[in-house]
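Visitor: I would like to know how the terms used for a protein model are justified. Please take me through a few of them.

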Amino acid sequence: MPPIPYRISVCDHPGSSLEEIEGEPDWASGHQHRIGFLNGQDRKPGITHDGDYDEAQDEQDIMDFESLENRVKKGDLINFRDVMKGGKARDWIKNIEEWPANVKKRKQQKEAAQKEAGQKKDNKDDVQQEHEWKRQQGENKHRDAYGVSSEDSHEDSGARKEERTECEKLQGKYSPQEIALLRSLQSEKDIVKSLKQNDGQKVSPMKDHNRTDISIDEADQFSPDNWIPRSSDLIRLTGKHPLNGEPHLTHLFEAGLVTPNELHYVRNHGAVPRLMWEYHQLEIEGGRLVLSMDDLKHKFDPINIQVALACDGNRRKELNMMKRSKGFNWGSGAVSCAFWKGPLLRDVLLAAGVPEQMYQGTTYNVQRYWVNFEGADEPSEGKYATSIPFQYAMDPTNDVILAYEMNNVPLPPDHGYPVRLIIPGYIGGRCVKWLKKIWISDKENDSYYHIWDNRVLPSFVTEKDGEFAETLFRHPDTACNEQNLNSVTVRPAHGEKIVLTEARKGKIYKIEGYAYDGGGHEVQRVEISLDAGKTWLYCIRTFPEYPIRHGTKFWTWVHWHIDVEIAHLLRAESITVRCFNVFKNTQPEQASWNVMGMMNNCWYVVRPEIATDPDSGIPSIMFRHPTEPGNADGGWMKPSMENQIATAKQEAGTPQKQFTREEIEKHDNKDDCWLVVDGKVYDATKVLSWHPGGKAAILGHAGKVHQETSDEFASIHDGYAYEQLRKCILGVVTDKAKVFIKRHAETRAKETANSSKGNDHIALRKHRWVPVKLKARKSISEDTRTYTFNLPEGKTLLGLGTCQHVQVGFHLMDGMLIRSYTPTRPLLPPAKDDTQVPTKQDEKRSNGGSPADAPRDGDGTFDLTVKTYFPDDNQPGGAMSNILDCMPVGEEVEIRGPTGDIVYHGNGTFMIEDKQETFKKVNLVLGGSGITPGYALIARVLLSADDKTELRVVDANKTEGDILLHQALDAFEKKYGEQLKVTHVLSHPSEEWKGKTGHVNADILKEALFAPGDGTAVFLCGPPSMIQKAVLPALRNLGFKEEKNVFGF
């Protein structure tokens, strides 16, 4: 409110005289009815009036008064006798009429007023307001943790009082921290006043966003979703299939107020249906209206609005740390804000003949109705369907839309392509994806996913079966519809450190986060506390452009920030955030557990702890968020005692039969499916037929001895599921297999940590599938082809190490067909600098030679040489080789890599499982298509001028025609005979063959290879029967040791 002019002026008075004081009556004795003093009726007893009376005027008085006024206008002066004749107006006569006494009195009053005004002006700055008085009393002071910029703290002490600016006046009243807060508040006030409405025709700033980092994840390669490109930034929370993922929290926030499509959280209940725009139809009211996608796009006026969607399971993991719920571990990233474009649902319903109001005859129908929605997907428990109130759907101010674009591009498959229901302000679970049917009913939807998901039940219900659960899951008031009020701190990020040396006076840190509410309600205030809620600091909100719809609706989220001094941040007990909505309601301090783990919106608390850098020894403050998404365990919240007891029970009663890794890996298919969970071996074959998540979720882990299975099972299942799993137990893995699981997990973690590092020009990605286009096909023989592929645009380097492989994938309806190949070009790494000595092939290329002849990586292409195994009357032939042979030029396959733990770096140096080994004499025993990694090594050695490594090769095939790269090998041997000697062995030779015949055996190997010794190794690649039954036993007899100098490509 504006300052109240509490200005006081005191007229000087000498006080009562001594005589007056001594003569004052004794008020404690005698009666109080003293003459000349006010009595209880506010009159002075014994004293009469001076003839002036104040009485109410009747109508005649008013008429008389008007007559007197007319006389005054003519210039007459009115006296009291005149008044007695025609009404009484003492004050007017005595004080207002222009009697000389009145004129003189008013003149004196005016002079006194002017004098007093001058005194007030001189003393203006000395008038103390209430807030200033309270500050003097120690009240009303703001915390000094607010950050201050250098201009806020500047003060010109030499400025004269009367010339001080408004800023300088504030400096006299407030601390620099308070001035910084005031300026921020003034700025935010102006911003909120100037917020503009969205007319529904805006364009998303993400429309032209670069999405080249989207590719097919290796986790999807054997699932029904193997065709869907996805961002590597999504943290998978339910294993490989189906995809349920959230982005890294800092990446989500850094992307801005409009979330890019690839960073939007994903919630799937099963496989993504593969739908086509041209054939998909939307059925309304049982076929009363059937719309094609072109109809939906062109026959209705669309709106394009920004909507914040949040899963009602957002922040569920905090609840799961208290007690395991039925839901998986969402972190705090299950919220995103994007533009959605499409027509209003009400317009489509009206076009289908649905009335805007339901009537019975001519009378308004008081019966309640619902609009039902069903998707085209087929999750394990039947069709995904739900409903919302009819009146809500028909209200145009609720902006319920049938969206066919997301951020002004067609919907991605994971977000409902080709059409999705969007209900602004509602939870994501009501926004049905892959929308197929819409109909009206006089009762709520009763499908499985409407009844048994997206509910908040009282905490005394701890399971999904029994009479209490049955009643409450079907209770209308347990359904989650509108999103709830929520806020999260993003920075400091989880694991972020601030070294203590940064705590210099005046240094600032910006704490940031997001907040949202449902129902179109604005988040009106955000606060943080550095002392566990004792005091609160005001945060500044940042709004998207044009955030308002229909005057009052806010469908978007807000970002918030506050600058604090690092010195205060480092002393903070915690960083706690809460927000307020338009009803001035705020978030609860404590979480409220429920069996589905929904709608957690308690205060979000980040806690600091002391950490010391192991290298420098410098101490720092590290911040921990309450939890990390999925099964990561780095948050400050730890499993409750109840959870620990449940885990202990799961460990009890395990059979002690042991199984080796080799044995487990044999059971890897739908007819014989073993799983390893927490070091225990289970036969899950019979579970496949009824598993709620479908077969694909299990088969992706069949026969796998790794930590991922345990992590993914724990992320999805509760104690009851573990109890059911116990019925399938066979035994435990061996101690050696346990060591392997641990090492494998460490290796994967290291790869993940390094996955973001690399050259932007490299095409290959270790855990992602990248599309490449067939450029040319060249026949080498009747059944052998060389295929040249173009790398994606902007990627000039393949990025494959010598001896490593690429995996080639082709999408089939039931999964991805995958085969490993070693390219036959490039054969040398890219040139590092201009000083590297060029090869003869480099010179040829620079003189206009074919790029296909250039061995160095860097021209944006690569070659695969593949033998085609044609079909005959007895067998269908080789899958991938025939696909490649038939595939039209210009078509695409996917590649992934590099794979293989052996990389040759030159001059006899190998990196084998990250360990450096040096071998100056190298033996290669190869068979059939296994020649290609050996050929890559041979070419690398011989084409590098300074590499003196010696090579001995045994290459086994059936016939002469089966020898891959025969001419190239002969050319190398002819030119580099001192370094390379090749022995071909044929099991079915022609009569003209003069080389070795039969099968590879100890005698052939002894004759053709270097003998075992220091600096000598053997590398193998060939058919299992050849390698395992013939070659390995022979090498052992010759003195080679598998753990020392025998390796497989």
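Guide: Angles here run from 0 to 180 degrees between N-to-C directions. The model is a predicted one. In it, helix α29 lies across β44, β45, β48 and β49, at about 170 degrees to β48.

Visitor: How do you know that α29 reaches about as far as expected for a helix?

Guide: The expected span is 1.5 Å times one less than the number of residues. For the 15 residues of α29, 1024-1038, that comes to 21 Å, and the span from first C-alpha to last is 20 Å, which is close.

Visitor: What makes α29 a bent helix, and where is the bend?

Guide: The bend is the angle between axes fitted to the seven residues ending at a residue and the seven starting there. At V1031 that angle is about 35 degrees, and P1033 follows within four residues. After the helix comes G1039, with a positive phi near 110 degrees.

Visitor: Which residues of α29 are called buried, and why?

Guide: They are M1026, I1027, V1031, L1032, A1034 and L1035. Buried means under 20% relative accessible area, so each of these falls below that cut-off. Among the elements they pack against are β44, β45, α28 and β48.

Visitor: Why are β48 and β49 said to pair?

Guide: Pairing needs at least two bridges, and three join these parallel strands, so β48 and β49 pair. One bridge links F1019 to F1047 in β49.

Visitor: What makes β49 an edge strand?

Guide: In the open sheet, ordered β47-β46-β45-β44-β48-β49, β49 pairs on one side only, as does β47.

Technical notes. Residues are numbered from 1 along each chain as its sequence is written. This is a predicted model: local features need pLDDT of at least 70, side-chain atom pairs count only at pLDDT 80 or more; totals for chains, interfaces and linings use all residues. Side-chain values use heavy atoms; hydrogens and water are left out. Buried means under 20% relative accessible area, exposed over 50%, partly exposed in between (1.4 Å probe, protein chains only). Contact means heavy atoms within 4.5 Å.
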